[in-house]
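Open the model in a viewer with residue selection and labels switched on. The stops below say what to select next and what is found there.

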Amino acid sequence: MKPAPFVYEAPDSLDAALTVLAAYADDAKVLAGGQSLIPVLNFRLAQPTRLIDLNRVPELDFVRLDDDGNLRLGAMTRQKTLEQDPRVGRHVPLLGEAVPWIAHPQIRNRGTVGGSLAHADPAAELPALAIALNARFLLRSTSGERWVDASEFYIGLFATALAPDELLIEIDLPPQPAGGWAFLEEARRHGDYAQVGVAALLGLDPQGQVRHARLVYLSAGDTPIDATAAAALLVGQRPSTEAFAAVAHEAAERAVQPVDDIHASAAFKRHLTRVLTERALAIALARARASANAPDRSLS
Amino acid sequence: MTMNTATATHTVNLTVNGQPVRGEAEARLLLSDFLRHELGLTGTHVGCEHGVCGACTVLLDGEPVRSCLLLAVQADGHAVTTVEGLAPAAGKGGALHPLQEAFRDAHGLQCGFCTPGFLLTLAPFLAANPNPSEDEVRHAISGNLCRCTGYQHIVDATLLAARRLREATTDAR
């Protein structure tokens, strides 16, 4: 199994990449880290006539903190950079906790943030995290640019809001809301594709009741599943094992849309949804309480 | 100047195991196949061709990557290390790399198909983690599959190599 022939372009600037993409949008594929695309080419699941390699475009690989405290990531930022850059763990600890769950270090040495987000594999961690963290994506073409919320970006199985001539070039991550967080994933072996994963955020008000809750699942449907109805059950409530169990039940029975696949049956995915939700909420609660007792992070 | 067509060959200039190398490759030629067939470096093995088995692992600019998920043309201007580069003098009576010696002494291979991938995963791991626990070693090798050994002797070999490397560093002081 080897790729079918394709014309190879290696533009050395973003403008050059957008120009060639505009010319060949209908049958070109964009190569970022290649950790998802090259397997597809190797198995001839896709046979694009043109491949546009972004690895020689220097302006897409960056991690910046802007004046609002938002983390800005260039689309070609390697996943391993997120593990190593201390600003990620400091400003978006949920992301910092989740990145080591992405495949293996060998994959993360090449895989990129933008590539994973644009490929839209329902089993990928980064799309679910982007939604949970209210990320925005900057899409650019030769005709202009636009911002799209992560929550609007994923429209179907491996399908996104990207137009054929658009590149995802930057990700804007606001600071994580104050409170607790947890990322959990279940796989048969460490580094395997997730059977189910969950990104959880939980914040408490000064009386100890839930002020905000967010639960976003991966490998639980065609796209990441943002379980807003389940999470809403917690708002205004005192956190408790019973409350978490009710949320987990709602998420497992009504929020997720799992299908049978080689990693797990739909029934087992619903079971994992329930178990991981309860565990993630417990961890997020412990962190929320710990941060409530700690000095205000915004002062440091 | 050749036209850029789907079957055009591209010149690839790179460093392999410390030596400058030049080859020709169609764009679709994978780095794994370039190393094996263009350069005759058959120590890099091809297993799954979708990134999960680790048999094709090489170092790109010092970091472990899947050579089956890189195009040869992407390696232009970069440095690649294959298993042949771990102990360049070994074929002429020189020493093996400590990891290779430990794999031999602790029986960390049977058929040897997965071994080059393990060695290139473990060499940078030990350089960054000179005193790993067994759990850390198992975690580090989770991206490499072995069908023969059941992994225990691979773990033993890694811990043995780590100990020998630490002792060598201590002895050298």
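Select helix α2 (residues 98-105) of chain B together with α5(B); helices here are DSSP runs of H or I with at least four residues, strands are runs of E with at least two, and both are numbered from the N terminus. On the α2(B) side, show B:Pro98, B:Leu99, B:Glu101, B:Ala102, B:Phe103 and B:Asp105. They meet B:Ile154, B:Ala157, B:Thr158, B:Leu160, B:Ala161, B:Arg164 and B:Leu165 in α5(B), where contact means heavy atoms within 4.5 Å. The residues of this contact divide into nine nonpolar, one polar and three charged (Ala, Val, Leu, Ile, Met, Phe, Trp, Tyr, Cys and Pro count as nonpolar, Asp, Glu, Lys and Arg as charged, the others, Gly among them, as polar).

This is a predicted model, in which local features need pLDDT of at least 70 and side-chain atom pairs pLDDT 80 or more, while totals for chains, interfaces and linings use all residues. Residues are numbered from 1 along each chain as its sequence is written, chains are lettered from A and ligands numbered from 1 in the order written, and side-chain values use heavy atoms, without hydrogens and water.

Now look at the axes of the pair. Those of α2(B) and α5(B) come within 8 Å and cross at roughly 135° (lines fitted to C-alpha atoms over the stretch in contact, with angles from 0 to 180 degrees between N-to-C directions). The two helices are therefore oblique to each other (neither under 35 degrees, over 145, nor 65 to 115).

Keep α5(B) (residues 152-172) and add helix α3 (residues 115-128) of chain B. Their axes come within 11 Å and cross at roughly 40°, which makes α3(B) oblique to α5(B). Select B:Phe118, B:Leu122 and B:Leu126 of α3(B), then B:Ile154, B:Thr158, B:Ala161, B:Ala162 and B:Leu165 of α5(B), to display the contact. It divides into seven nonpolar residues, one polar and no charged.

Move to chain A and select A:Ala182, in strand β11 (residues 180-186). Is A:Ala182 buried or exposed? A:Ala182 is buried, with a relative accessible area of 0% (buried means under 20%, exposed over 50%, partly exposed in between, using a 1.4 Å probe and protein chains only). Leaving out residues up to four places away in sequence, A:Ala182 touches nine residues, including A:Leu94, A:Glu97, A:Ile283 and A:Arg287.

Finish at A:Leu94, whose contacts beyond four places in sequence include A:Leu129, A:Trp181, A:Phe183 and A:Leu201.
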